[in-house]
Amino acid sequence: MKTKLYVAVWGMSLLTACSIPKAGAPEWFENAVKTSGHQLLYMAEQLKDVPDTTCFPRSTKPDGSYRLENAKDWTSGFYPGSMWLAYELTGDEALAKEARKYTNRLEDIQYYTGNHDIGFMMYCSYGQALRLKPEPKDKQVLINSSESLCTRFSPEVGLIRSWDFGDWSYPVIIDNMMNLEMLFWASGQTGNSKYQDIAIAHADKTLKNHFREDMTSYHVVSYSPQSGKVESKGTFQGYADSSAWARGQAWGVYGYTMCYRFTKNPAYLDAAHKIARFIMENRPSENDFIPYWDYDTPDIPNAPRDASASAVTASALLELCEYTDDKKLGNSYVEYAENILKQLSSLDYLAKEKGNNGFILMHSVGSFPHDSEVDVPLNYADYYYLEALKRYKDLKKFSLSEKE
């Protein structure tokens, strides 16, 4: 029963339309896994004397030093989550030890209600811990985290509030789709439909109001707290209110693929297919799969790329193919994700060991309009890259070489 639950939760079941016979891992994949494990442990060594309260590596600063954040930062769960995924890929117990150490530093966040991204923070860390090396408290920590996330839901609006800053009345961002996974999990664990009901309400209203006819997404939609009606649609991290912010597209295809996993709602599957189509049809060139930070930025082809958007997309497509009856379409998703992973695993994006401050991938963009984290490593790029590698390995059914 436990094995079946974990498979359902993480979408790692045997793939049908896109399954492939077992074979040895290609060299690029072996190198990517080896480099990732070394990088994460190298970073842990560099940060061993950093106080627990400010110990979460998010990115790098302009001077090349670490950008470190405390546990309340929305990205705090990605570093321990990356180590859990790398441990799963390599079997290196040193990674599991560090992953557990950093995961436990997030324990108090289970009661934090000031951040809609508690799903990112806790499910990417404690969720992976529960799946791979569970400890007795892990399940309850995630249930409590789900309760905390639910406090940000307004029945009048029908959505989980994203931010508490800015001039918006009730802002909801496309990123928030990613936090629903923990709520679906919580309903499955507790038998309480409240969590899933909130997740579905949020997904439904986001689908209604966030997307244009071509399934490009607004970044921020603000609502009236009293009536729940839309007050404004725009962007915060994209080029313009009318533009297609690359990571927003990635959050969308991932979020609705995941929602379909839990609900089997065909509207979610249709949305995921349409967003995927936009991404695939608007890549930089026939043989280039890493998007510019915004699909509509006017300085293309000189605009910065966003490796994080492509990593999220690759992971999403490797799940989406599982739900695709059309074998040709499913295989096209696998091929596209494989091309992303190969490009990210090349010298252009994959860091050299002990380089890049221990981060795995180079060339991501946080918020270009705010000149924040432009052309730098980002911990969530690393996380979704590793998740995509894991899904790719499960899909191809190949085995890795024995650990050194």
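Helix 3 is largely enclosed by the rest of the structure, because eleven of its 13 residues are buried. Please keep in mind as you read that this is a predicted model.

## Helix 3 and its surroundings

Helix 3 covers residues 78-90. At 1.5 Å a residue, its 13 residues should span 18 Å, and its end C-alpha atoms are indeed 18 Å apart, so the expected and modelled values agree. If you would like to find its buried residues in the viewer, look for Phe-78, Tyr-79, Pro-80, Gly-81, Ser-82, Met-83, Trp-84, Leu-85, Ala-86, Tyr-87 and Leu-89. What covers these buried residues includes helix 2 (27-46), strand 1, helix 4 (93-104), helix 5 (118-123), helix 6 (126-132) and helix 14. Just after helix 3 comes Gly-91, which takes a positive phi of about 75°.

## Two neighbours in strand 1

Strand 1, one of the elements covering helix 3, runs over residues 56-60 and holds Pro-57. Pro-57 has a relative accessible area of 1%, and because buried means under 20%, this proline counts as buried. Setting aside residues up to four places away in sequence, Pro-57 touches Met-43, Leu-47, Tyr-66, Arg-67, Leu-68, Tyr-79, Phe-359 and Asn-379. Tyr-79 in that list is also one of the buried residues of helix 3. The C-alpha atoms of Pro-57 and Thr-103 are 46 residues apart along the chain and separated by 13 Å.

Arg-58 is found in strand 1 as well. Is this arginine buried or exposed? Its relative accessibility is 9%, so Arg-58 counts as buried. The side chain of Arg-58 makes a polar contact of 2.9 Å with the side chain of Asp-73. Beyond residues up to four places away in sequence, Arg-58 touches Arg-67, Glu-69, Asp-73, Trp-74, Thr-75, Phe-359, Glu-373, Pro-377, Leu-378 and Asn-379. Some of these partners, including Arg-67, Phe-359 and Asn-379, also appear among the contacts of Pro-57.

## Helix 12 and the helices packed on it

Let us move on to helix 12, which spans residues 307-320. Here 14 of the 14 residues are buried, so helix 12 is largely enclosed by the rest of the structure. Its 14 residues should span 20 Å at 1.5 Å a residue, and its end C-alpha atoms are 20 Å apart, which agrees.

Two packed helices are described by the angle between their axes and the distance between the axes. The table gives these values for two partners of helix 12.

| Helix pair | Angle between axes | Distance between axes |
|---|---|---|
| Helix 10 and helix 12 | about 25° | 8 Å |
| Helix 11 and helix 12 | about 130° | 11 Å |

With helix 10 (residues 246-263), the angle of about 25° makes the pair roughly parallel. Helix 10 passes helix 12 in a left-handed crossing. On the helix 10 side, the meeting residues are Ala-246, Arg-247, Ala-250, Trp-251, Val-253, Tyr-254, Thr-257, Met-258 and Arg-261. They meet Ser-308, Ala-309, Val-312, Thr-313, Ser-315, Ala-316, Glu-319 and Leu-320 in helix 12.

For helix 11, the angle of about 130° makes it oblique to helix 12. This crossing is left-handed too. Helix 11 contributes Leu-269, Ala-272, His-273, Ala-276 and Ile-279 to the contact, while helix 12 contributes Thr-313, Leu-317 and Leu-320. Thr-313 and Leu-320 of helix 12 also meet helix 10.

## Backbone details and a loop contact

The loop between helix 11 (266-281) and helix 12 contains Pro-301. A cis peptide bond joins Ile-300 to Pro-301, with omega about 15°.

Positive phi values turn up at two lysines. Lys-354 has a phi near 70° and lies in the loop between helix 13 (327-344) and strand 8 (364-367). With a relative accessible area of 63%, Lys-354 is exposed. Lys-397 has a phi of about 60° and sits in the segment after helix 14 (379-396). At 27% relative accessibility, Lys-397 counts as partly exposed.

Finally, have a look at Phe-236, in the loop between strand 7 (230-234) and helix 10. Phe-236 counts as partly exposed, at 28% relative accessibility. Its contacts, leaving out residues up to four places away in sequence, are Trp-163, Phe-165, Trp-168, His-219, Val-220, Ser-367, Pro-369 and His-370. Phe-236 and His-370 are 134 residues apart in sequence, and their C-alpha atoms are 8.9 Å apart in space.

Definitions and conventions: Residues are numbered from 1 along each chain as its sequence is written. This is a predicted model: local features need pLDDT of at least 70, side-chain atom pairs count only at pLDDT 80 or more; totals for chains, interfaces and linings use all residues. Side-chain values use heavy atoms; hydrogens and water are left out. Helices (H or I, at least four residues) and strands (E, at least two) are DSSP runs, numbered from the N terminus. Buried means under 20% relative accessible area, exposed over 50%, partly exposed in between (1.4 Å probe, protein chains only). Contact means heavy atoms within 4.5 Å. A polar contact is a pair of N or O atoms within 3.5 Å; within protein, one must be able to donate a hydrogen and the other to accept it, and residues adjacent in sequence count only if both atoms are side-chain atoms. The expected span of a helix is 1.5 Å times one less than its number of residues. Axes are lines fitted to C-alpha atoms, for helices over the stretch in contact, and angles run from 0 to 180 degrees between N-to-C directions. Angles under 35 degrees count as roughly parallel, over 145 as roughly antiparallel, 65 to 115 as roughly perpendicular and the rest as oblique. A crossing is left-handed if the near helix is turned anticlockwise from the far one by less than a right angle, and right-handed if clockwise.
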